[in-house]
Amino acid sequence: MFDKILIANRGEIACRVAATCRRLGIKTVAVYSDADAQAKHVAVCDEAVHIGGAAARDSYLRVDAVIDAARRTGAQAIHPGYGFLSENEAFAAACASAGLVFIGPPVEAIRAMGSKSAAKSLMEHANVPLVPGYHGAEQAPEFLQAQADEIGYPVLLKASAGGGGKGMRVVESAADFKAALASCQREAQSSFGDDRVLLEKYLTRPRHIEIQVFADMHGNCLYLFERDCSVQRRHQKVLEEAPAPGMTEQRRRAMGEAAVAAAQAVGYVGAGTVEFIANQDGSFYFMEMNTRLQVEHPVTEMITGLDLVEWQLRVAAGAPLPLRQEELRLHGHALEARVYAENPDNNFLPSTGTLKYLRTPAAVAFERGAHGSDPAPVRIDAGVREGDTISPFYDPMIAKLIVWGRDRAEALARMRQALAKYRVAGVATNIAFLDRLVASEPFATADLDTGLIERHHDALFPAAQPVPAAALALAAAALLEREQIRQRKQYLDSTDPHSPWHQHNGWRLNGHYERTLQFDQDDTRHDVVLAYLGDHSTLAVAGRTLPFAYRHEQGALQLTLGDTRTQGHVHVDGATYHVFYEGRHWTLQWHDPLAQQAGHEGGEGKLTAPMPGKVIAVLAEKGGKVTKGMPLIVMEAMKMEHTISAPADGEIDEVLYGVGEQVQEGAQLLSLKAAE
Ligand code: ADP
């Protein structure tokens, strides 16, 4: 086995690979770009090497820099993860020339599967079923049109060198063919530098079912069952599951054996995935083979109790596969949802920014379950932490949320629970969309096909809903709670502890008191009228007045509103109230009357961290006199120093952080009593 490997990737997959290495006692070397100096994958590896600029082509795609980093650190092998250099045959070859083990298939296998057309020719000879179509060398438009006419419309045009759905065009009729061909060729040329195309019969309502295969250097090859990845948007997977609903033992074997035949036809070694497109009647056809670990491999790990990265490492080190086909057991049902920083209502546009607040359901990071026993019900593979940034340079994935249940219904219920507990502020996310998707009729009843999202568009993308009264009440409760904490502090600090003015129980001179809080949701203003009536309070919103009470318990705000009791969470970021209620996230802006009046911070200096980072020097002490502009604290963030200075003359009230402590963006670092 290896002593040290380099992980030529970033984000969740780099962390995932590192987790297995740690368990096996293998040292890890991370590589990172300018944008990733503080990234989680750098923190979880034993060593890290800076390899260039933020753009992937300046760092993670640089073959020379990655090989050089491995050489310099004495790594014996390179795990490429997925994406980036993972299916780049030149990289695999460069590893071999440098005397490094590429943890992946042989160069020839990558090459053979790299071109969709060439792969199809090979599969044809290996008797793997293919979608009716044309994948030959002749590319004259008239010839291709004649082929399409013969296949029968609709047909699908694909870039031979393709991937990621790029270049794909559905052609509905002969009249549309020429224009679609030209557009497919253009995109193929610009994305892959190769304008060759292939034609396939376009299947209506197909399912995407893929088989995980594994082969070693000793001639063994087996399949680790299937994954159903039919739920896609724009040909990108959104939900994945294993096993595939409705799969029979007989078909599983037929698909598994076809996948093994496909792998053996190219002399495959390591982990690979053979993707099939399947008709509703179960007939299936080879689409392509991905010669790497897939994003969705955790669902296979969940149902088999195996660690696929461990298998990759063992196989790459020359060991035989640890199990035989007949020893593999499929246990329970697993679902994976890709949690993304994106805006589903705006065509899934990526959302960038700082993860100011991140709370997840109780979960394990990757852990190997025992083969055949129940794994942990929830697993989260994440490459980012609270305070990290989703940058425009890379895939905006926040995490993969994977759940396991004894059957599909249990897995589905656990997924809904887990999604409801996933709370993110700072970027837009697809969490609410994922929940609607998981709960939707077609998904819940496993009526799956690749057009599910499109076909159920109206139900999955409902019109914006008005904020519920309970969410407004939670925001009001959070606001009151903050005020009370502040008042209590003042009370404790005050010289006259018995002064009624310092009480924090809503006491007022006349016993009755009314107050209006205003929250804006986009362009809509909501008035929330609170009334303290001596022994109880009411809250009026949207024309209804209801008894109101709250308390903080078990990390949540417990709310009584009228005769209902519910709970939720509120993250307060300045005047922005992020309310998490019933699996939804509402962003409300509090209209602070005092802030409006004052228009500025006033004399009470609030000194907050401008970005997440580490305190490297504290220059002030409690009780110390300071003058405006005096440096008080020095922070380091993004490899740069930031000095926090006194906004006014005064006295240091409190220093809240010490040297070496990590602080979140917006955290108060110290407080200052301004001079009169
Ligand atoms: P890429 O490599 O670009 O991702 P694939 O060949 O893997 O392209 O296909 C991606 C997706 O496109 C599939 O998962 C499926 O949803 C759809 N698709 C591919 N081929 C067909 C086909 N012949 N008929 C219908 N849908 C297809």
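A446 is partly exposed, with a relative accessibility of 23%, where partly exposed lies between buried (under 20% relative accessible area) and exposed (over 50%), for a 1.4 Å probe and protein chains only. The residue sits in the loop between α14 (441-444) and α15 (452-455); helices (H or I, at least four residues) and strands (E, at least two) are DSSP runs, numbered from the N terminus. Phi of A446 is positive, near 60°, although A446 is a residue other than glycine. The structure is a predicted model, in which local features need pLDDT of at least 70 and side-chain atom pairs count only at pLDDT 80 or more, while totals for chains, interfaces and linings use all residues. Residues are numbered from 1 along each chain as its sequence is written, and side-chain values use heavy atoms, with hydrogens and water left out.

A positive phi of about 45° is also found at R234, again not a glycine. R234 belongs to the loop between β11 (221-233) and β12. Two cis peptide bonds can be described alongside these phi values: Y153 and P154 are joined by one with omega of about 0°, and A242 and P243 by another with omega of about -5°. P154 lies in the loop between α7 (141-151) and β7, and P243 in the loop between β12 (236-242) and α9. Most residues other than glycine have a negative phi, and most peptide bonds are trans.

The protein chain is divided into domain 1 (4-103), domain 2 (132-201), domain 3 (207-460), domain 4 (469-590) and domain 5 (606-674), with bounds that come from an automatic or database domain assignment. The centres of domain 1 and domain 3, taken over C-alpha atoms, are separated by 23 Å. Contact (heavy atoms within 4.5 Å) links 35 residues of domain 1 with 30 residues of domain 3.

The largest nonpolar core contains 69 residues, and I5, V213, F214, F276 and F286 have the most contacts inside it. A nonpolar core is a set of buried Ala, Val, Leu, Ile, Met, Phe, Trp, Tyr and Cys residues joined through side-chain atoms within 4.5 Å. Because domain 1 and domain 3 both give residues to this core, it lies between them. A second, separate core has 38 residues, among them A411, L434, V438 and I453. Leaving aside residues up to four places away in sequence, F214 touches N220, C221, L222, L224, G270, A271, L308, W311, Q312, V315 and L321.

In helix α5 (residues 107-114), the buried residues are V107, A109, I110, A112 and M113. Their cover includes α4 (89-97), β5 (101-102), α6 (116-125), α9 (249-265) and β14. R16, in helix α1 (residues 11-24), is buried at 2% relative accessibility. The side chains of R16 and T20 are joined by a polar contact of 2.7 Å; such a contact is a pair of N or O atoms within 3.5 Å, where within protein one must be able to donate a hydrogen and the other to accept it, and residues adjacent in sequence count only if both atoms are side-chain atoms.

The ligand has 20 residues around it, of which K116, K158, G165, H208 and Q232 come nearest; a residue is near a molecule if one of its heavy atoms lies within 4 Å of it. A nitrogen atom of the ligand is 2.9 Å from a polar side-chain atom of E200. Oxygen atoms of the ligand are involved in two further pairs: one lies 2.8 Å from a polar side-chain atom of Q232, and one lies 2.9 Å from an N or O atom in the side chain of E288. On its own the ligand has 560 Å² of accessible area, of which the protein covers 96%, as computed by the Shrake-Rupley method with a 1.4 Å probe. Two or more residues of the surrounding shell are given by each of β7 (155-159), β9 (197-201), β13 (270-278) and β14 (284-290).

Q521 is in strand β24 (residues 512-521) and is buried, with a relative accessible area of 15%. Beyond residues up to four places away in sequence, Q521 touches Q465, V467, H526, W586, T587 and L588. D649, in the loop between β36 (640-645) and β37 (650-655), is partly exposed at 41% relative accessibility. With the same sequence neighbours not counted, D649 touches V626, T627, K628, K673, A674 and A675. A polar atom of the D649 side chain lies 2.6 Å from the backbone nitrogen of K628. D649 and K625 are 24 residues apart in sequence, with their C-alpha atoms 7.8 Å apart in space.
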